[in-house]
Amino acid sequence: MWHLSEEKKTPIYQQIIEQIIGYIQDGTLKPGDRLPAERKLATYYQVNRSTVVHALDELVSLGWILRRQGSGTIVNEGNWGRSTAPRVDWRRLFTQELHPNEPFLEKVQELLNDPAAIDLFSGELPLGLIPDFRFPSYTWEELLLEEKKQSPLGYRPLQQVICQRVKSEQKVDISSNQVLITSGAQQAMFLLLQVMLQSGDSVAIEDPSFLYSLPIFASAGVKLYGVEMDQEGMRIDKLEQLILTKKIKLIILNPTFQNPTGTTMSKRRRNELIELSRKYQLPIVEDEVFSELTFNKVPPSLKELAPHQVIHLGSLSKIFGSSIKIGWIVADQDLIQRLSEAKQMMDFSISIFPQVIAHTALTDPQFEKNQADLVTALNERAQAFLEESSVIAKDWDISKIDGGIYVYLTWRHQHLTRKDWEIFFREKVVIAPSFLFSNDTMAMRVNYTRMTAHMRQQFFFKLQKISKELRRK
């Protein structure tokens, strides 16, 4: 295992770095595995100990391994601060995986194909709750005429509707040249990374966060650092520590019905965040895809509180499902222009068809009523979930549900390992454990909106059985 190719001409320490990263990516070395001691590695590789120390120091700085006093050198169990090493072998760079496969997710995908499985993992509303609207018939010629209304920033009628909604909902008066239409929120995020950051830059996100496992950060060479949360959202004192120690260049967060915890950042905390970002001149990216699914009034958006400091991301995917892959970025005109140019250079063009569908949906006279009906239905499912959850309350802390589509359950007892979560596969219950969003292994995200009354009964029955088994471990 610890053997280097004699044919390679790259420096020995770099060969050691690449070999260890390769072992981590292909699963030979697993999260938490301990590496041999420095002297043993030097013996295995037949090199000076200083060469091994150099390689290990680089791997620590790149986030792949950790050194703990009394525990030796172990493989990092999470992705915080991880970055790829510089490569000389370009062919290998383009063929290797920048982001290692997550074995748990591979098993999730297999189980989702089983009709007997309870899917509480997927991040979409069930088909029966997606609001309906009437889509007018278009001839091909009419669609071509609509395409002429397309600008480099997107379909102009859709831009105008988004401007109206932002003004109505967030009290921010914007023009069409401050809105860029994208193919979903992830494309929007990718464009921002390409335009605003360079390889090696650092970004602060919430811990836990759905952004943690997205490969777009690794592909851009951007390091992620998690900021601890409490009941009011991202902790500002912890964020400031990171800004000072990790040279943070951008703050990205999901302040309303946060994914995965469902937490909504308080107004006080939002104001503190904006003051801190002004102090260090750091832009904020606000991902607000859940704010329309609220049961009660929510605090003002960050964009409303600081229009020029905040970049706002929106999407229709949570309301209409992934079939309408439409998102948007709202920012100052100069940044929107740069993002538009990058979008064109990358050939991230968007078909006119989903944009017309999105415009039709948002301008449908029944849209507001349908959305209100959806929120009522979600509230009913949320209250039913919380009422029936009393049977597992001795084993799990359950987050409040004030909106959004997720509830977060945290185990009350002994430390859980990644392996413990495989019990859910045996019971055919598909959930999202917290290690998909953080280094933590003690909680899970559940999409409560996907549960009918019968599914809730099944879920709590199976969760009681699983909890009993976990307590025995």
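1. Let me start with a charged pair. Glutamate 38 makes a salt bridge with arginine 49, and their closest N and O atoms sit 2.9 Å apart. The two residues are eleven positions apart and come from separate helices: glutamate 38 belongs to α2 (residues 38–45), arginine 49 to α3 (residues 49–61). Arginine 49 is partly exposed, at a relative accessible area of 38%. Keep in mind throughout that this is a predicted model.

2. That pair has plenty of company, as the structure holds 27 salt bridges. Side chains of opposite charge can pair when their charged atoms come close. A second example is aspartate 237 with arginine 235, where the closest N and O atoms are 2.6 Å apart. Both partners are partly exposed: aspartate 237 has a relative accessible area of 39%, and arginine 235 comes in at 22%. With the cut-off for buried at under 20%, arginine 235 at 22% therefore still counts as partly exposed.

3. Next, glutamate 240 and lysine 279, another salt bridge, with 2.8 Å between the closest N and O atoms. Glutamate 240 is in helix α10 (residues 236–246) and lysine 279 is in helix α11 (residues 267–279), so this bridge ties together parts 39 residues apart in sequence. How exposed are the two ends, glutamate 240 and lysine 279? Glutamate 240 is partly exposed at 21% relative accessibility, whereas lysine 279 is exposed, with a relative accessible area of 55%.

4. There is also a salt-bridge network to look at. It links Asp230, Glu232, Arg268, Arg269 and Glu272.

5. Now the sheets, beginning with the one that has eight strands. It is open, its pairing is mixed, and the strand order reads β6-β13-β12-β11-β10-β7-β8-β9. Which strands stand at the edges? They are β6 and β9 (233–234); each has a single partner strand, so one side of each lacks a neighbour in the sheet. Helix α7 packs on this sheet and touches β6, β12 and β13 (327–330), with its direction at about 115° to that of β6. Elsewhere in the sheet, β11 (residues 284–287) and β12 (residues 310–315) pair in the parallel sense through four bridges. Valine 285 has isoleucine 311 in β12 as its bridge partner.

6. Helix α7 (residues 156–170) also packs against helix α15 (residues 352–363): the angle is about 40° and the axes are 9 Å apart. That makes α7 oblique to α15, and their crossing is left-handed. If you want to inspect the contact, the α7 residues are Pro157, Leu158, Val161 and Arg165, and they meet Gln355, Ala358, His359, Leu362 and Thr363 of α15.

7. Serine 183 deserves a look too. It is in the loop between β6 (179–182) and α8 (185–196), and it is partly exposed, with a relative accessible area of 28%. Which residues does serine 183 contact, leaving aside its neighbours within four places in sequence? Lys325, Gly327 and Ile350. For serine 183 and glycine 327, the C-alpha to C-alpha distance is 5.7 Å, although 144 residues separate them in sequence.

8. The other sheet is an open one of four strands, ordered β14-β15-β18-β17, with antiparallel pairing. Its edges are β14 (396–398) and β17 (432–433); each has a single partner strand, so one side of each is left without a neighbour in the sheet.

9. Within that four-stranded sheet, how is β15 paired with β14 and β18? With β14, β15 runs antiparallel and is joined by three bridges; tryptophan 396 has tryptophan 411 in β15 as its bridge partner. With β18 (residues 443–447), β15 (residues 406–411) pairs in the antiparallel sense over five bridges. Here leucine 409 has methionine 444 in β18 as its bridge partner, while threonine 410 stands opposite alanine 443 in β18. In a regular strand the side chains alternate between the two faces of the sheet.

10. Last point: is β15 largely enclosed or left open by the rest of the structure? Largely enclosed, because five of its six residues are buried.

How values were computed: Residues numbered from 1 in each chain as written. Predicted model: local features only at pLDDT ≥ 70, side-chain atom pairs only at ≥ 80, totals over all residues. Heavy atoms only, no water. Buried < 20%, exposed > 50% of the residue type's maximum accessible area, 1.4 Å probe, protein only. Contact = heavy atoms within 4.5 Å. Salt bridge = Lys/Arg side-chain N within 4 Å of Asp/Glu carboxyl O. Pairing = 2+ DSSP bridges. Axes fitted to C-alpha atoms, helices over the stretch in contact; angles between N-to-C directions. Parallel < 35°, antiparallel > 145°, perpendicular 65-115°, else oblique. Left-handed = near helix turned anticlockwise from the far one by under 90°.
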